[in-house]
Amino acid sequence: MIEFTIILLIKTLVVFGVSMLIVAYSTWIERKVLGLVQLRHGPMRVGWHGLLQPLADGVKGFMKEEVIPDNADKPVFIIAPIISIGAALTLLVIIPFGDTVTIMGREITLYLTDLDIGILFVLGISTIGSYGCMLGGWSSGNKYGMMGALRAGAQMISYELPMALAVISVVMVCGTLSLVGIVESQAGLWNIIKQPFAFFLFIICGLAEINRTPFDMPEAEAELACGFNVEYSSMKFALFFMAEYCHMFIFATLVTTLFLGGWQGPLLPGPVWFFIKTFAVVFFCVWERSTFPRYRYDQVMELGWKVLIPAGLVNIVLTGLWMLIFNI
(Lines give C-alpha, C1' and ligand atoms only; values in the text may rest on other atoms or scores of the structure.)
Protein backbone atom coordinates (compact mmCIF):
# COMPACT_ATOMS: atom_id res chain seq x y z
CA MET A 1 0.00 0.00 0.00
CA ILE A 2 2.83 2.39 0.93
CA GLU A 3 4.67 1.48 -2.29
CA PHE A 4 1.51 2.11 -4.34
CA THR A 5 1.01 5.50 -2.65
CA ILE A 6 4.62 6.56 -3.24
CA ILE A 7 4.51 5.53 -6.92
CA LEU A 8 1.18 7.36 -7.39
CA LEU A 9 2.58 10.49 -5.71
CA ILE A 10 5.68 10.46 -7.94
CA LYS A 11 3.57 9.95 -11.08
CA THR A 12 1.28 12.81 -10.06
CA LEU A 13 4.22 15.18 -9.53
CA VAL A 14 5.76 14.19 -12.88
CA VAL A 15 2.48 14.52 -14.82
CA PHE A 16 1.58 17.92 -13.38
CA GLY A 17 5.17 19.23 -13.50
CA VAL A 18 5.72 18.25 -17.15
CA SER A 19 2.25 19.46 -18.14
CA MET A 20 2.79 22.89 -16.53
CA LEU A 21 6.14 23.18 -18.32
CA ILE A 22 4.43 22.37 -21.63
CA VAL A 23 1.66 24.87 -20.88
CA ALA A 24 4.22 27.61 -20.10
CA TYR A 25 6.18 27.00 -23.29
CA SER A 26 3.03 26.70 -25.40
CA THR A 27 2.79 30.48 -24.96
CA TRP A 28 6.35 30.83 -26.30
CA ILE A 29 5.59 28.50 -29.23
CA GLU A 30 2.47 30.48 -30.09
CA ARG A 31 4.29 33.81 -30.02
CA LYS A 32 7.12 32.46 -32.18
CA VAL A 33 4.80 30.84 -34.74
CA LEU A 34 2.60 33.95 -34.94
CA GLY A 35 5.77 36.02 -35.33
CA LEU A 36 6.95 33.87 -38.24
CA VAL A 37 3.55 34.03 -39.92
CA GLN A 38 3.47 37.83 -39.53
CA LEU A 39 7.13 38.28 -40.64
CA ARG A 40 8.49 39.39 -37.26
CA HIS A 41 10.77 37.80 -34.65
CA GLY A 42 8.47 37.27 -31.66
CA PRO A 43 10.01 37.22 -28.15
CA MET A 44 13.80 37.78 -28.35
CA ARG A 45 14.89 39.77 -25.28
CA VAL A 46 14.58 37.39 -22.27
CA GLY A 47 17.03 34.51 -22.77
CA TRP A 48 18.18 32.99 -26.07
CA HIS A 49 15.40 33.66 -28.61
CA GLY A 50 13.11 34.59 -25.70
CA LEU A 51 13.20 31.11 -24.12
CA LEU A 52 12.90 32.60 -20.62
CA GLN A 53 9.95 34.82 -21.56
CA PRO A 54 7.31 32.43 -20.01
CA LEU A 55 9.19 32.57 -16.68
CA ALA A 56 9.37 36.38 -16.87
CA ASP A 57 5.64 36.52 -17.58
CA GLY A 58 4.95 34.33 -14.54
CA VAL A 59 7.02 36.59 -12.27
CA LYS A 60 5.28 39.66 -13.71
CA GLY A 61 1.88 38.06 -13.01
CA PHE A 62 2.77 37.59 -9.34
CA MET A 63 4.25 41.08 -8.91
CA LYS A 64 1.54 43.22 -10.55
CA GLU A 65 -1.02 45.11 -8.49
CA GLU A 66 -4.23 43.27 -7.63
CA VAL A 67 -7.36 45.20 -8.66
CA ILE A 68 -10.96 44.14 -7.90
CA PRO A 69 -13.77 46.44 -9.15
CA ASP A 70 -16.00 47.95 -6.43
CA ASN A 71 -19.19 46.60 -8.03
CA ALA A 72 -17.82 43.09 -8.54
CA ASP A 73 -19.25 40.05 -6.74
CA LYS A 74 -15.95 39.46 -4.95
CA PRO A 75 -16.25 35.76 -3.87
CA VAL A 76 -17.35 34.66 -7.34
CA PHE A 77 -14.85 37.03 -8.99
CA ILE A 78 -12.01 35.35 -7.06
CA ILE A 79 -13.12 31.74 -7.48
CA ALA A 80 -13.89 31.91 -11.25
CA PRO A 81 -10.27 31.63 -12.51
CA ILE A 82 -9.65 28.83 -9.99
CA ILE A 83 -12.58 26.88 -11.47
CA SER A 84 -11.20 27.39 -14.98
CA ILE A 85 -7.65 26.18 -14.25
CA GLY A 86 -8.85 23.53 -11.76
CA ALA A 87 -11.05 21.82 -14.34
CA ALA A 88 -8.21 21.70 -16.86
CA LEU A 89 -5.76 20.22 -14.34
CA THR A 90 -8.32 17.63 -13.20
CA LEU A 91 -8.53 16.22 -16.72
CA LEU A 92 -4.81 15.38 -16.62
CA VAL A 93 -5.65 12.58 -14.19
CA ILE A 94 -7.12 10.28 -16.84
CA ILE A 95 -4.98 11.11 -19.90
CA PRO A 96 -3.03 7.97 -20.95
CA PHE A 97 0.45 9.23 -21.94
CA GLY A 98 1.66 5.71 -22.69
CA ASP A 99 1.12 2.03 -21.90
CA THR A 100 3.47 0.65 -19.22
CA VAL A 101 7.19 0.83 -18.46
CA THR A 102 9.33 -1.38 -16.22
CA ILE A 103 11.44 0.53 -13.69
CA MET A 104 13.55 -1.38 -11.11
CA GLY A 105 11.53 -4.53 -11.74
CA ARG A 106 8.18 -2.79 -11.24
CA GLU A 107 5.66 -2.39 -14.03
CA ILE A 108 4.35 1.19 -13.96
CA THR A 109 1.42 2.48 -15.99
CA LEU A 110 1.90 5.84 -17.73
CA TYR A 111 -1.44 7.24 -16.57
CA LEU A 112 -2.72 8.14 -13.12
CA THR A 113 -5.99 6.23 -13.39
CA ASP A 114 -8.12 4.41 -15.94
CA LEU A 115 -11.81 5.12 -15.36
CA ASP A 116 -14.40 2.82 -16.96
CA ILE A 117 -16.40 5.99 -17.75
CA GLY A 118 -13.34 8.05 -18.71
CA ILE A 119 -14.84 9.83 -21.71
CA LEU A 120 -17.95 10.81 -19.71
CA PHE A 121 -15.63 12.22 -17.05
CA VAL A 122 -13.92 14.32 -19.75
CA LEU A 123 -17.20 15.73 -21.06
CA GLY A 124 -18.45 16.55 -17.55
CA ILE A 125 -15.29 18.24 -16.27
CA SER A 126 -14.74 20.21 -19.48
CA THR A 127 -18.25 21.65 -19.00
CA ILE A 128 -17.33 22.81 -15.49
CA GLY A 129 -14.31 24.60 -16.99
CA SER A 130 -16.62 26.74 -19.12
CA TYR A 131 -18.36 27.94 -15.95
CA GLY A 132 -15.14 29.72 -14.99
CA CYS A 133 -15.50 32.03 -18.01
CA MET A 134 -19.20 32.60 -17.40
CA LEU A 135 -18.86 33.32 -13.68
CA GLY A 136 -15.79 35.52 -14.22
CA GLY A 137 -17.57 37.73 -16.76
CA TRP A 138 -20.84 37.89 -14.80
CA SER A 139 -19.19 38.71 -11.47
CA SER A 140 -16.93 41.47 -12.81
CA GLY A 141 -19.71 44.08 -12.94
CA ASN A 142 -18.59 45.16 -16.42
CA LYS A 143 -20.89 45.21 -19.44
CA TYR A 144 -18.22 43.81 -21.74
CA GLY A 145 -17.47 41.08 -19.22
CA MET A 146 -21.18 40.27 -18.97
CA MET A 147 -21.51 40.02 -22.76
CA GLY A 148 -18.47 37.74 -22.86
CA ALA A 149 -20.06 35.53 -20.18
CA LEU A 150 -23.32 35.28 -22.14
CA ARG A 151 -21.42 34.36 -25.27
CA ALA A 152 -19.41 31.72 -23.35
CA GLY A 153 -22.65 30.14 -22.09
CA ALA A 154 -24.31 30.09 -25.50
CA GLN A 155 -21.20 28.74 -27.18
CA MET A 156 -20.78 26.01 -24.55
CA ILE A 157 -24.33 24.71 -25.12
CA SER A 158 -24.08 25.01 -28.91
CA TYR A 159 -20.81 23.11 -29.34
CA GLU A 160 -20.81 20.57 -26.51
CA LEU A 161 -23.76 18.78 -28.07
CA PRO A 162 -22.06 18.08 -31.43
CA MET A 163 -18.81 17.27 -29.61
CA ALA A 164 -20.66 14.64 -27.58
CA LEU A 165 -22.17 13.29 -30.81
CA ALA A 166 -18.66 12.93 -32.28
CA VAL A 167 -17.53 11.09 -29.16
CA ILE A 168 -20.56 8.74 -29.29
CA SER A 169 -19.56 7.52 -32.75
CA VAL A 170 -16.03 6.83 -31.45
CA VAL A 171 -17.43 4.89 -28.49
CA MET A 172 -19.61 2.88 -30.89
CA VAL A 173 -16.64 1.64 -32.95
CA CYS A 174 -14.35 1.14 -29.93
CA GLY A 175 -16.94 -0.47 -27.63
CA THR A 176 -15.62 1.18 -24.47
CA LEU A 177 -15.78 4.45 -22.53
CA SER A 178 -12.27 4.00 -21.11
CA LEU A 179 -9.59 6.21 -22.69
CA VAL A 180 -7.01 3.42 -22.32
CA GLY A 181 -9.46 0.99 -23.95
CA ILE A 182 -10.07 3.44 -26.82
CA VAL A 183 -6.31 3.68 -27.48
CA GLU A 184 -5.89 -0.12 -27.34
CA SER A 185 -8.79 -0.59 -29.79
CA GLN A 186 -6.84 1.47 -32.36
CA ALA A 187 -3.93 -0.99 -32.49
CA GLY A 188 -4.82 -2.08 -36.03
CA LEU A 189 -6.39 1.08 -37.46
CA TRP A 190 -6.68 4.58 -36.01
CA ASN A 191 -10.07 6.15 -35.50
CA ILE A 192 -9.19 9.03 -37.83
CA ILE A 193 -9.52 6.44 -40.64
CA LYS A 194 -12.60 4.71 -39.21
CA GLN A 195 -14.36 7.96 -38.20
CA PRO A 196 -12.98 10.80 -40.38
CA PHE A 197 -16.11 12.95 -40.09
CA ALA A 198 -16.21 12.55 -36.31
CA PHE A 199 -12.57 13.70 -36.27
CA PHE A 200 -13.34 16.95 -38.11
CA LEU A 201 -16.45 17.47 -35.98
CA PHE A 202 -14.44 17.00 -32.78
CA ILE A 203 -11.72 19.40 -34.00
CA ILE A 204 -14.22 22.16 -34.85
CA CYS A 205 -16.19 21.76 -31.61
CA GLY A 206 -12.98 21.50 -29.56
CA LEU A 207 -11.70 24.81 -30.94
CA ALA A 208 -15.02 26.39 -29.94
CA GLU A 209 -14.88 24.83 -26.48
CA ILE A 210 -11.41 26.22 -25.76
CA ASN A 211 -12.32 29.61 -27.28
CA ARG A 212 -9.70 29.52 -30.02
CA THR A 213 -9.98 31.54 -33.22
CA PRO A 214 -12.25 31.59 -35.22
CA PHE A 215 -14.56 30.85 -32.25
CA ASP A 216 -13.11 33.22 -29.62
CA MET A 217 -16.44 34.95 -29.08
CA PRO A 218 -16.20 35.24 -25.24
CA GLU A 219 -13.01 37.36 -25.60
CA ALA A 220 -13.26 38.96 -29.07
CA GLU A 221 -10.73 41.73 -28.32
CA ALA A 222 -11.92 44.00 -31.15
CA GLU A 223 -15.56 43.91 -29.96
CA LEU A 224 -15.51 43.23 -26.20
CA ALA A 225 -12.05 44.43 -25.11
CA CYS A 226 -11.13 40.88 -23.86
CA GLY A 227 -14.70 40.08 -22.78
CA PHE A 228 -15.09 37.88 -19.69
CA ASN A 229 -11.60 38.63 -18.31
CA VAL A 230 -11.58 42.39 -18.99
CA GLU A 231 -11.48 43.32 -15.26
CA TYR A 232 -8.92 40.71 -14.21
CA SER A 233 -5.32 41.55 -13.32
CA SER A 234 -2.28 40.08 -11.63
CA MET A 235 -2.42 36.35 -10.76
CA LYS A 236 -6.15 36.02 -11.42
CA PHE A 237 -5.58 37.03 -15.03
CA ALA A 238 -2.52 34.76 -15.12
CA LEU A 239 -4.69 31.83 -13.97
CA PHE A 240 -7.16 32.46 -16.82
CA PHE A 241 -4.17 32.76 -19.19
CA MET A 242 -2.72 29.45 -17.95
CA ALA A 243 -6.15 27.80 -18.12
CA GLU A 244 -6.47 28.77 -21.80
CA TYR A 245 -3.22 27.04 -22.75
CA CYS A 246 -3.85 24.13 -20.37
CA HIS A 247 -7.19 23.52 -22.10
CA MET A 248 -5.41 23.64 -25.47
CA PHE A 249 -2.91 21.01 -24.30
CA ILE A 250 -5.69 18.80 -22.90
CA PHE A 251 -7.62 19.18 -26.17
CA ALA A 252 -4.52 18.06 -28.11
CA THR A 253 -4.07 15.01 -25.86
CA LEU A 254 -7.75 14.07 -26.34
CA VAL A 255 -7.48 14.31 -30.13
CA THR A 256 -4.39 12.08 -29.92
CA THR A 257 -6.18 9.61 -27.65
CA LEU A 258 -9.51 9.42 -29.46
CA PHE A 259 -8.43 9.61 -33.11
CA LEU A 260 -4.65 9.35 -33.60
CA GLY A 261 -3.98 6.05 -31.85
CA GLY A 262 -2.63 7.53 -28.59
CA TRP A 263 0.79 6.05 -27.86
CA GLN A 264 0.55 3.56 -30.78
CA GLY A 265 3.31 3.83 -33.38
CA PRO A 266 6.31 1.96 -34.85
CA LEU A 267 9.94 1.97 -33.67
CA LEU A 268 9.81 4.86 -31.18
CA PRO A 269 8.66 4.41 -27.54
CA GLY A 270 4.93 4.97 -26.90
CA PRO A 271 5.25 8.24 -24.92
CA VAL A 272 7.41 9.72 -27.71
CA TRP A 273 4.71 8.97 -30.26
CA PHE A 274 2.07 10.41 -27.92
CA PHE A 275 3.87 13.73 -27.54
CA ILE A 276 4.76 13.95 -31.26
CA LYS A 277 1.06 13.67 -32.14
CA THR A 278 0.03 16.01 -29.31
CA PHE A 279 2.47 18.74 -30.36
CA ALA A 280 1.30 18.40 -33.96
CA VAL A 281 -2.24 19.21 -32.77
CA VAL A 282 -0.94 22.10 -30.62
CA PHE A 283 0.86 23.49 -33.69
CA PHE A 284 -2.40 23.21 -35.65
CA CYS A 285 -4.21 25.23 -32.95
CA VAL A 286 -1.56 27.96 -33.21
CA TRP A 287 -1.45 27.92 -37.02
CA GLU A 288 -5.21 28.17 -37.46
CA ARG A 289 -5.31 31.20 -35.12
CA SER A 290 -3.04 33.06 -37.52
CA THR A 291 -4.89 31.84 -40.60
CA PHE A 292 -8.66 32.08 -40.09
CA PRO A 293 -10.61 35.28 -39.33
CA ARG A 294 -13.07 35.38 -36.44
CA TYR A 295 -16.67 34.41 -37.28
CA ARG A 296 -19.53 36.76 -36.49
CA TYR A 297 -21.52 35.71 -33.42
CA ASP A 298 -24.62 34.78 -35.46
CA GLN A 299 -22.46 32.69 -37.80
CA VAL A 300 -21.02 30.76 -34.83
CA MET A 301 -24.52 29.97 -33.53
CA GLU A 302 -25.82 29.05 -36.97
CA LEU A 303 -22.88 26.70 -37.63
CA GLY A 304 -23.41 24.92 -34.32
CA TRP A 305 -27.19 24.41 -34.40
CA LYS A 306 -27.95 24.17 -38.14
CA VAL A 307 -24.89 22.31 -39.41
CA LEU A 308 -22.84 20.50 -36.77
CA ILE A 309 -25.62 18.98 -34.62
CA PRO A 310 -27.59 17.54 -37.60
CA ALA A 311 -24.33 16.33 -39.15
CA GLY A 312 -23.32 14.63 -35.89
CA LEU A 313 -26.68 12.83 -35.69
CA VAL A 314 -26.36 11.66 -39.31
CA ASN A 315 -22.85 10.38 -38.59
CA ILE A 316 -24.15 8.29 -35.67
CA VAL A 317 -26.90 6.77 -37.85
CA LEU A 318 -24.41 5.97 -40.64
CA THR A 319 -21.97 4.46 -38.13
CA GLY A 320 -24.75 2.24 -36.75
CA LEU A 321 -25.74 1.11 -40.25
CA TRP A 322 -22.10 0.41 -41.13
CA MET A 323 -21.67 -1.72 -37.98
CA LEU A 324 -24.96 -3.54 -38.67
CA ILE A 325 -24.20 -4.29 -42.31
CA PHE A 326 -20.63 -5.50 -41.71
CA ASN A 327 -21.53 -7.16 -38.36
CA ILE A 328 -18.81 -5.25 -36.47
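Here are four short exercises with worked solutions on a predicted model.

**Exercise 1. Describe how helices α4 and α10 pack: what are the angle, the axis distance and the handedness of the crossing?**

Step 1. Locate the helices. α4 covers residues 118–139, and α10 covers residues 234–259.

Step 2. Read the geometry. The angle is about 160°, and the axes are 12 Å apart.

Step 3. Classify the angle. Angles over 145 degrees count as roughly antiparallel, so α4 and α10 are roughly antiparallel to each other.

Step 4. Assign the hand. The crossing of α4 and α10 is left-handed.

Step 5. List the contact. α4 contributes Ile 119, Val 122, Gly 129, Gly 132, Cys 133 and Gly 136. α10 contributes Phe 240, His 247, Leu 254 and Leu 258.

Step 6. Sort by class. The contact of α4 with α10 has six nonpolar residues, four polar and no charged ones.

**Exercise 2. Repeat the analysis for α8 and α10: at what angle do the axes cross, and which residues make the contact?**

Step 1. Locate α8. This helix spans residues 196–209.

Step 2. Read the geometry. The axes of α8 and α10 come within 11 Å and cross at roughly 170°.

Step 3. Apply the cut-off for roughly antiparallel, over 145 degrees. α8 and α10 are therefore roughly antiparallel to each other.

Step 4. Assign the hand. The crossing of α8 and α10 is right-handed.

Step 5. List the contact. From α8 come Ala 198, Phe 199, Phe 202, Ile 203, Gly 206 and Leu 207. From α10 come Phe 251, Leu 254, Val 255, Leu 258 and Phe 259.

Step 6. Sort by class. The contact of α8 with α10 divides into 10 nonpolar residues, one polar and no charged.

**Exercise 3. Determine how many disulfides the structure holds, and whether Cys 133 and Cys 205 are buried or exposed.**

Step 1. Count. The structure holds zero disulfides.

Step 2. Check Cys 205. The nearest cysteine sulfur, that of Cys 285, is 14 Å away. A disulfide needs sulfur atoms within 2.5 Å, so this pair does not qualify.

Step 3. Test burial against the cut-off, under 20% relative accessible area. Cys 133 has 9% and is buried. Cys 205 has 0% and is buried.

**Exercise 4. Place Ser 233: where is this residue, and which residues does Ser 233 touch?**

Step 1. Locate. Ser 233 sits in the loop between α9 (221–224) and α10.

Step 2. Test burial. Its relative accessible area is 18%, so Ser 233 is buried.

Step 3. Find contacts. Leaving out residues up to four places away in sequence, Ser 233 touches Glu 65, Glu 66 and Val 67.

Step 4. Compare sequence and space. Ser 233 and Gln 38 are 195 residues apart in sequence. Their C-alpha atoms are 28 Å apart in space.

Methods. Residues numbered from 1 in each chain as written. Predicted model: local features only at pLDDT ≥ 70, side-chain atom pairs only at ≥ 80, totals over all residues. Heavy atoms only, no water. Axes fitted to C-alpha atoms, helices over the stretch in contact; angles between N-to-C directions. Helix = DSSP H or I, 4+ residues; strand = E, 2+ residues; numbered from the N terminus. Parallel < 35°, antiparallel > 145°, perpendicular 65-115°, else oblique. Left-handed = near helix turned anticlockwise from the far one by under 90°. Contact = heavy atoms within 4.5 Å. Nonpolar A, V, L, I, M, F, W, Y, C, P; charged D, E, K, R; others polar. Buried < 20%, exposed > 50% of the residue type's maximum accessible area, 1.4 Å probe, protein only.
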